[in-house]
Amino acid sequence: MISELIRAVGRIGAEPADTADERARRSLLVSIVVFVLPFGAVWGVLYWAADERLAAAIPWTYDAVSILTIAAFGASRSYRLLRTVHLSLILVTPWLLMLALGGITPSSGVVVWSFLSPIGAMALDGPRAARAWMLGFLVLLAVGVPLAPIVRPAPAAMPEGLVQAFAVLNIATVAVIVFLVLAAFAEQRRAAQERLHDLLVNVLPAVIADRLTTSQRGAIADQHPEASVLFADVVDFTPMSRRLPAAQVVGMLDRLFTDFDELVDASGLEKIKTIGDAYMVAAGVPAPRPDHAHALARLGLEMLAVARRHRRDDGTPLELRIGINSGPVVAGVIGRRRFLYDLWGDAVNTASRMESHGAPGEVQVTRATYELVRDAFACEPRGTIEVKGKGPMETWFLRGRRDAAGPG
């Protein structure tokens, strides 16, 4: 029942086209207005009981105007109107009470409630908007203190116990509200950090995302002396993409790469990026692992099998060319508006050449990778091939694991 009431209050003045942030601000503003209403009613009753009729009328008038502005807000959907009117009421009403009761001491420091105006402005619209309200609070305080004895030369003669009780209520209530606002800020900051981290994890390795969202300063660049890199490419993709509608091409790659992503995640490897129909994976970065070559050899064979389950437009299975190389690499994050975790070095370039100079349906590896996996994987010598930019190179095709219980 209470939760339904809270949700109903939060929906007052909502627009279907509002963004999530706009809905949150509208809901927060209405909630603040409704939350403060009971305090106005109670304070008015207490002042009336103390025979302070004018002081009682001020918070009751505040409540009446607040209810009217909520009704107007529900009809006009004007967030600015409700915000301006209500923050003004919070700022001026306690100040008027201080004048009506003859000063800070006779009013039990009720003017402290005015401080909620800049606090509310900060919660609703940020620090820049709150500056004017903070200045208004300080000006009213500076003017009100000497003005109160003039407005009421004989201060309110309420019992000392009631004055102290009001002081406790004023300070405690305002402190609780400020605490709740600060707690909400802290929660919003935590939630924003989590959302940022989740977004970064979608494009960066988790440990790199952690470094960016915590204490990392400057460029992220790491040297990895032992790593392996895999490139995969769909055979004859370019001519096929010319024959197919764009949506079909994108859909086919999406399904294929989604399957690859699942393999990569299950293997604890790092997908680096996709470029067109090319797919790049690394092992041993950003965290070292001694089985980096074994892990990519196993992944390459699995990717060939997965690709064969996907069909071209003519019904034939998709084929990949896959190349793997091992060696030292440099890894880092580039860009400021769109982050990219990437790898550089001769080992990366050679892995790319292994793919482009490979054969359909094969995983081609260099000697560096072959020496690391030869005991665990059966490899067929391809012989020496001419590699662009590298010259003659001896390469091998992976044929499968020698023993399912072997290394890697």
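## How H4 packs in this model

Thr84, Leu87, Ser88, Leu91, Trp95, Met98 and Leu99 in helix H4 are in contact with Trp133, Gly136, Phe137, Leu140, Val143, Gly144, Val145, Leu147, Ala148 and Val151 in H6. Sort the residues of this contact by class and you get 13 nonpolar, 4 polar and no charged ones. Keep in mind that you're looking at a predicted model.

So how do the two helices lie against each other? Their axes come within 8 Å and cross at roughly 25°. Angles under 35 degrees count as roughly parallel, and H4 and H6 are therefore roughly parallel to each other. The crossing itself is right-handed.

H6, which covers residues 127–151, has another partner to look at: H5, residues 116–125. Here Ser117, Pro118, Ala121, Met122 and Asp125 of H5 touch Pro127, Ala129, Ala130, Trp133 and Met134 of H6. This contact has 8 nonpolar residues, 1 polar and 1 charged. Trp133 turns up in the list for H4 with H6, and Trp133 is also in the list for H5 with H6.

What about the direction of H5 and H6? Angles over 145 degrees count as roughly antiparallel, so this pair, H5 and H6, is roughly antiparallel. The crossing of H5 and H6 is right-handed. Here are the two pairs laid out:

| Helix pair | Axes come within | Crossing angle |
|---|---|---|
| H4 and H6 | 8 Å | roughly 25° |
| H5 and H6 | 7 Å | roughly 165° |

Now for some empty space. How many cavities of 30 Å³ or more does the structure hold? There is 1, and its volume is about 190 Å³. The lining of this cavity is made of 14 residues, with Val36, Gly40, Thr93, Pro94 and Trp113 lying nearest its centre. Which helix gives the most to the lining? That's H4, with 5 residues. Helices H2 (20–49), H3 (53–76) and H4 (79–101) each supply at least two lining residues. By class, the lining has 12 nonpolar and 2 polar residues, and no charged ones.

Finally, have a look at a couple of backbone details in the loops. In the loop between H4 and H5, serine 108 has a phi near 60°, a positive value in a residue other than glycine. Further along the chain, the peptide bond from valine 285 to proline 286 is cis, with omega near -5°. You'll find proline 286 in the loop between strand S3 (278–283) and helix H11 (292–308).

Note on methods:
Residues are numbered from 1 along each chain as its sequence is written. This is a predicted model: local features need pLDDT of at least 70, side-chain atom pairs count only at pLDDT 80 or more; totals for chains, interfaces and linings use all residues. Side-chain values use heavy atoms; hydrogens and water are left out. On a 1 Å grid over the protein atoms alone, a cavity is a set of points where a 1.4 Å probe fits but cannot get out, and a pocket is an open set with protein on both sides within 12 Å along at least five of seven lines; lining residues have an atom within 4 Å of a point. Grid points are joined across faces, edges and corners, and a volume is the space filled by probe spheres set on the points. Helices (H or I, at least four residues) and strands (E, at least two) are DSSP runs, numbered from the N terminus. Ala, Val, Leu, Ile, Met, Phe, Trp, Tyr, Cys and Pro count as nonpolar, Asp, Glu, Lys and Arg as charged, and the others, Gly among them, as polar. Axes are lines fitted to C-alpha atoms, for helices over the stretch in contact, and angles run from 0 to 180 degrees between N-to-C directions. Angles under 35 degrees count as roughly parallel, over 145 as roughly antiparallel, 65 to 115 as roughly perpendicular and the rest as oblique. A crossing is left-handed if the near helix is turned anticlockwise from the far one by less than a right angle, and right-handed if clockwise. Contact means heavy atoms within 4.5 Å.
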